[in-house]
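Visitor: I have the sequence and the fold open on my bench screen. Could you take me on a close look at the sheet and at the helices that pack on it?

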Amino acid sequence: MCSGDHHQPPPPQPNTPQSPSSSIAGDSTPTPPHLHLFNHGEIHDAHCHPTDLLFHALKTTNGSSNFEMKTLEPDAIASLMKEHLSDVLTSMNTKILAAMATRSNDQALVRALANLHPDKIVPGFGYHPWFSYMIWDDSDAALVGEYEKAKANSKDGKSDLDEAEVFREFKSTHYLRVLKPSPPPEFIHCLPTPRALKADILAELRTHISEFKGTGRPVVLGEVGLDRGFRIPWAQGYTPPPSPRYKQFSPYHVDLKHQMAVFLAQLGVAGEFGVPASLHSVGAHGAMYEALKGLWKGWEIETESVGERRRREKRATHKAANGGRGLTEDERRWIRKWKEHMVYDSEEEEEESDSDSDPEDEHTGSGDEEGGVPKLRKEKKKKPDTTKSTQTNQPQLGTPAKTPPQGPPPFPPRICLHSFSAPKEGLSQYLLRPTPTTIYPTQIFYSFSTTINASPPRRPPTGKEDEEGEKEKEKGKEQERGDYKPSASQEKKLEEVIRLAPEGRVMVESDWHSPGQEMDAHVCSGVEMIRRVRGWGEEEAVRRLAENWRAWVFGREEGDEGGDE
């Protein structure tokens, strides 16, 4: 989630066609380009926020940024959906939208939208790292102790406990723990009352996810994650000191340790229900990978090695080239016996033969062979084979490499790293195996958008915002109009990452907050960007991206690895 948030000014109103652009996404025109891609098949949006504009409208109508959706009855929310979003959604060409929630106020909106349009919306429930500071960790014994202490101190002889007074004391302890640097008491006083992680947030997630899982409808966890760069906005009612550097956003950021606790707890709920997740990561790609790797430890799955897979594919190719006929057992036996008395012309060839050869490879002939017969040097004693295991109970492929821990896994079965912005080295770490014959238990998908991946880079405040801020605003306007083109280095980084991602794990998203033609345009621009980099035709790109989206939401059939290697 990178636009249309309630911390920022309201986004532009819908029905104004806008389209992002970059040199790898193609030239832009005043009308949205690439919409013809919808003629090639179904296109799905892997990550968007179609309820954001409605929330902004409700907040403006109620005249308060502290407006709470819980003050509205479910029927009232459904009525608002029908009035403001239903017609726009049904007019869209994008087949299905994965609609993400991010904070307390839009969980109910996403739920209502998915119930009104079950064939159009796959709901995502979760709490974005930008809002994690408004959650206190009630799994921390020390914090619970602080809560109980504040509760005791707030009684002051009163017969009834005033919940607001309880948290007046506790708010200070909580916010001083999670915000860095420490904010002044006046600022803390204006911040909202935090909600408990286990008692409130996780219970709410379980309720929403179980509702959709229980009726067989798809549902995901999202948007959740980590963000090192975000600074919280100035609280309503607080007058910030004059500063050219901190105008809309304060200097306070959310401690990464606290973000991590909220993030991991939500992943545990996804693992409990076996639903996929959409993850946000800004400036925290290494921390996120290490966190996931820690969750996966002990849950690794046994599989064939890369070499075994290549040899299997080579045998299949040989068999296809010979009309479906493979080697007979007598032919295999003769080749093995023949190889026992042969050595190759160099140690390098010998090692290659020992580690990556197969009887059928010798049958076809290759390299420095003459007529398929390797050159003989002299006979040499056969070395004892120390590579073969003497164990009789080898783990079966596709099963855990060892007995996994008890209980549900603490991680989702499938993860989408949305608007993936890490360099190629950040993606490469997810392609590594824990061991040559095991893989991690979560399938990782990578989605890309022109709204984020091909947008102007975000720079930290410099103290010269009056001068430089105007330049940044103009770049943002260029992107909205479709005139912005990324720098050569930005474009090169994006191309490298899109090429490196396994073809069975690439997805497209809009990450847009306004449903309608402009969201369609952003999705199509993303498809065009990906297909140009991957060298796919239009029809192939639409087909592949749709298959990958279904694989992320529903899972692949057993044995389909999705082009991991």
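Guide: Happy to, and we can go through the sheet strand by strand before turning to the helices. Please keep in mind that this is a predicted model.

Let's start with the overall layout. The sheet is open and built from 8 strands, with parallel pairing, in the order S1-S2-S3-S7-S10-S12-S14-S15. At its edges stand strand S1 (45–48) and strand S15 (506–508); each has a single partner strand, so one side of each is left without a neighbour in the sheet. From one strand to the next, the twist averages 30°.

Now take the edge at S1. Its pairing with strand S2 (residues 97–100) is parallel and runs over 2 bridges. If you would like a residue to click on, Asp 45 has Leu 97 in S2 as its bridge partner.

Further along comes S7, which is worth a pause. Of its 8 residues, 8 are buried, so S7 is largely enclosed by the rest of the structure. Toward S3, the pairing is parallel and has 2 bridges, and here Phe 125 stands opposite Leu 221 in S7. Toward strand S10 (residues 277–282), S7 is joined by 5 bridges, and these two strands also run parallel. In that pairing, Gly 225 stands opposite His 280 in S10.

With the strands in place, we can add the helices. Helix H7 (residues 197–214) packs on the sheet and touches strand S3 (121–125) and strand S7 (220–227). The direction of H7 makes about 155° with that of S3. So S7, the strand whose 8 residues are buried, is one of the strands that H7 touches.

Helix H17 (residues 517–534) lies across S1, S2, strand S14 (443–448) and S15. Its direction runs at about 150° to S15. Both edge strands, S1 and S15, are thus among the strands that H17 lies across.

H17 also has a helix partner. Helix H16 (residues 488–500) packs with H17 at an angle of about 75°, and their axes are 9 Å apart. The two helices are therefore roughly perpendicular to each other. On the H16 side, the contact is made by Leu 494, Glu 495, Ile 498 and Arg 499; on the H17 side, by Met 529, Ile 530, Val 533 and Arg 534. Sorted by type, the residues of this contact are 5 nonpolar and 3 charged, with no polar ones.

Conventions: Residues numbered from 1 in each chain as written. Predicted model: local features only at pLDDT ≥ 70, side-chain atom pairs only at ≥ 80, totals over all residues. Heavy atoms only, no water. Pairing = 2+ DSSP bridges. Helix = DSSP H or I, 4+ residues; strand = E, 2+ residues; numbered from the N terminus. Axes fitted to C-alpha atoms, helices over the stretch in contact; angles between N-to-C directions. Contact = heavy atoms within 4.5 Å. Parallel < 35°, antiparallel > 145°, perpendicular 65-115°, else oblique. Nonpolar A, V, L, I, M, F, W, Y, C, P; charged D, E, K, R; others polar. Buried < 20%, exposed > 50% of the residue type's maximum accessible area, 1.4 Å probe, protein only.
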